[in-house]
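Okay, everyone, thanks for coming. I'll put the chain up on the screen, and then we'll walk through a handful of residues together.

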Amino acid sequence: LATEIKSGRHGVTRDLSTNGLLVVTPSHFAKGDRLKITVHTGDTAVDVEGVVARVDENPISSPELWRYRVGVTLDAPLPSGIKEIVAKA
């Protein structure tokens, strides 16, 4: 995860669709931030870009390791096959 100001951030994708990602991350982003994201799927890595559509904070009681859930609307659909690779993992 990266913006022009925040580079080298990381997160874990918890949900994805053809046009969006839900990422759990320790880094705070704001609605409207533009992100560059590298989605890793085993041996494959795909670079995508998008806009933060929402940011939620995990409650203290959450089993998640990291504080923020970031919903990202992608500029272009994920390449075909990525969803299937992730679903198998």
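**A walk from one loop to the other**

Let's start at Asn 19, which you'll find in the loop between strand E1 (12–17) and E2. Before I go on, keep in mind that what you're looking at is a predicted model. So, buried or exposed, or something in between, for Asn 19? Asn 19 comes out as partly exposed, because its relative accessible area is 42%, and the buried class stops at under 20% while exposed starts at over 50%. Who does Asn 19 touch, once you set aside neighbours within four places in sequence? The list is Val 72, Thr 73, Leu 74 and Pro 77.

Pick Leu 74 out of that list, since we can go there next. Leu 74 sits in strand E5, and this one is buried, with 7% relative accessible area. Leaving out neighbours within four places in sequence, Leu 74 has contacts with Thr 18, Asn 19, Gly 20 and Leu 21, and also with Val 48, Glu 49 and Gly 50. You can also look across to Val 51: that residue is 23 residues away from Leu 74 along the chain, yet the two C-alpha atoms are separated by 6.5 Å.

Now over to strand E2, residues 20–25, where we find Leu 22. Leu 22 is buried too, at 18% relative accessible area, and that counts because the cut-off is under 20%. The contacts of Leu 22, again without the neighbours within four places in sequence, include Val 12, Thr 13, Arg 14 and Asp 15. Further along the sequence, Leu 22 also meets Arg 54, and then Arg 69, Val 70 and Gly 71. What about Ile 82, how far is that from Leu 22? Those two are 60 residues apart in sequence, and their C-alpha atoms are 15 Å apart in space.

**The other loop**

Okay, jump to Asn 58, in the loop between E4 and E5. From Asn 19 that's 39 residues in sequence and 23 Å in space, C-alpha to C-alpha. Asn 58 is buried, with a relative accessible area of 12%, whereas Asn 19 was partly exposed at 42%.

What does the side chain of Asn 58 do with its polar atoms? One of them lies 2.8 Å from the backbone oxygen of Trp 66. The side chain of Asn 58 also makes a polar contact with the side chain of Arg 69, at 2.9 Å. Going by C-alpha atoms, Asn 58 and Arg 69 are 6.9 Å apart, with their positions 11 residues apart in sequence. And if you want the contacts of Asn 58 beyond four places in sequence, they are Val 24, Glu 64, Trp 66, Arg 67, Tyr 68 and Arg 69. Remember Arg 69 from a minute ago: Leu 22 is in contact with it as well.

Stay in this loop for Ser 62, between strand E4 (44–57) and strand E5 (68–74). Ser 62 counts as buried, since its relative accessibility is 18%. The side chain of Ser 62 reaches the backbone nitrogen of Glu 64, at 3.1 Å. Glu 64 is also one of the contacts of Asn 58.

**Zooming out**

So what does the whole chain look like? You've got 1 helix and 5 strands, and from the N terminus the order is β-β-β-β-β-α. The radius of gyration is 13 Å, close to the 12 Å the globule rule gives for 89 residues, so the chain is as compact as a globular protein of that length. Along the principal axes, the C-alpha trace spans about 35 × 30 × 20 Å.

A few totals before I sit down. Of the 89 residues, 31% count as buried. Among contacts with a separation of 6 or more, 49% come from residues 24 or more positions apart. The accessible surface is about 5,800 Å², and carbon and sulfur atoms make up 51% of that. As for charge, there are 11 positive and 11 negative, and their mean positions are 4 Å apart. That's my tour, thanks.

Note on methods. Residues are numbered from 1 along each chain as its sequence is written. This is a predicted model: local features need pLDDT of at least 70, side-chain atom pairs count only at pLDDT 80 or more; totals for chains, interfaces and linings use all residues. Side-chain values use heavy atoms; hydrogens and water are left out. Helices (H or I, at least four residues) and strands (E, at least two) are DSSP runs, numbered from the N terminus. The radius of gyration is taken over C-alpha atoms; the globule rule is 2.2 Å times the number of residues to the power 0.38. Buried means under 20% relative accessible area, exposed over 50%, partly exposed in between (1.4 Å probe, protein chains only). Contact means heavy atoms within 4.5 Å. Accessible areas come from the Shrake-Rupley method with a 1.4 Å probe; for residues, only the protein chains shown count as cover. Lys and Arg count as positive and Asp and Glu as negative; His and the chain ends are not counted. The place of a charge is taken as NZ of Lys, CZ of Arg, CG of Asp or CD of Glu. A polar contact is a pair of N or O atoms within 3.5 Å; within protein, one must be able to donate a hydrogen and the other to accept it, and residues adjacent in sequence count only if both atoms are side-chain atoms.
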